[in-house]
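Colleague: I would be grateful for a close look at the nonpolar interior of this protein. Please set it in the context of the whole chain.

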Amino acid sequence: MSEPGTHRRIALLICDVPADTIREQHGDYTRIFGTLLEESLKPINETHSTGSQTTFTLEPFDVRAQVYPEEDEYDAMLITGSASTAHEYDQPGREWMKKLIEYVRVVATQKPQIKIFGICFGHQIVALAMGGTCVRNTRFEVSATKLQLTELGKRVYGVESGVLNIHLMNRDHVPTEPPSFHVLASSSQSPNHGMVLFSQSEDAPHSNFRLTDIHILTSQGHPEFTESIMNLLLRLRRELLGPELVHDGESRAGNQNDGVAVIGKAIWGVMGVE
């Protein structure tokens, strides 16, 4: 449980900028992720008196320009998505990705008190940093999609039905998780749509674990995306995705989205706010 008057400092490692049309309507990634965190924190705070509610600051760092936080000043870091291809980190002009992978590896192995969250590209960067794989999939996954949760995923996310509804926009995926990581969700195309590493790197987490026992939490899906953001992305990427997939994505964009209520809530739980 969070302590009275808890404040969390979160470093946002920015790996891209939204397209102009998305930025005009929804803001930059600091605003988009800030909205996710605010909306998922609100119902938690409503269960506490005013003096014991949690506040936070979200501070952006453009890692493409190799700008990084002094990590000891932060409770957590969140790695954003990107249109870049994570497994091309050895290609010319991708030096920033190679540095990001090494940075995540160092923080993850040497700073166990700092929680790490990776979203889409960030999920893939965590995998590469910690010994997993990232490759191109056979086709894109887009829009609001029903994922199948593992037994551990049900417990982490508090979803007994075993179904997680989340917006997707990815062609790369993580077929092999790093050592000691546990998969939370999968789709018909991708075996790993999110994973966790426990602080004690347990091969099998004990049955009565708490969310605060988790050191790293990732999601291939986008909890920060809304129906509006997804529809804008589908239009922007029509040529890349093809009309059939875009039409399918548009037909699902308004479906249930658990980004705020489930994944956002879990992010706060990992930080000890519940």
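To begin, how many helices and strands does the protein have? And which residues in the largest nonpolar core touch the most other members?

Modeller: The model is a predicted one. The protein comprises nine helices and ten strands. Its radius of gyration is 17 Å, close to the 19 Å given by the globule rule for 274 residues, so the protein is as compact as a globular protein of that length. Along the principal axes, the C-alpha atoms occupy a box of roughly 50 × 40 × 35 Å. Of the 274 residues, 56% are buried. Among contacts with a separation of 6 or more, 74% join residues 24 or more positions apart.

Turning to the interior, the largest nonpolar core holds 56 residues, and Y157, L217 and W268 touch the most other members. Helix α2, residues 29-45, gives the most to this core, contributing seven residues. W268 deserves a closer look. Apart from its neighbours within four places in sequence, W268 is in contact with R8, I10, L37, S40, L41, I44, T54, F56 and V273. A second core, separate from the largest one, contains 33 residues, including W96, V107, I125 and A127. In soluble globular proteins, nonpolar side chains tend to be buried together.

As for the exterior, the accessible surface comes to about 12000 Å², and carbon and sulfur atoms account for 47% of that area. The protein carries 24 positive and 35 negative side chains, with the centres of the two sets 2 Å apart.

Terms used:
Residues are numbered from 1 along each chain as its sequence is written. This is a predicted model: local features need pLDDT of at least 70, side-chain atom pairs count only at pLDDT 80 or more; totals for chains, interfaces and linings use all residues. Side-chain values use heavy atoms; hydrogens and water are left out. Helices (H or I, at least four residues) and strands (E, at least two) are DSSP runs, numbered from the N terminus. The radius of gyration is taken over C-alpha atoms; the globule rule is 2.2 Å times the number of residues to the power 0.38. Buried means under 20% relative accessible area, exposed over 50%, partly exposed in between (1.4 Å probe, protein chains only). Contact means heavy atoms within 4.5 Å. Accessible areas come from the Shrake-Rupley method with a 1.4 Å probe; for residues, only the protein chains shown count as cover. Lys and Arg count as positive and Asp and Glu as negative; His and the chain ends are not counted. The place of a charge is taken as NZ of Lys, CZ of Arg, CG of Asp or CD of Glu. A nonpolar core is a set of buried Ala, Val, Leu, Ile, Met, Phe, Trp, Tyr and Cys residues joined through side-chain atoms within 4.5 Å.
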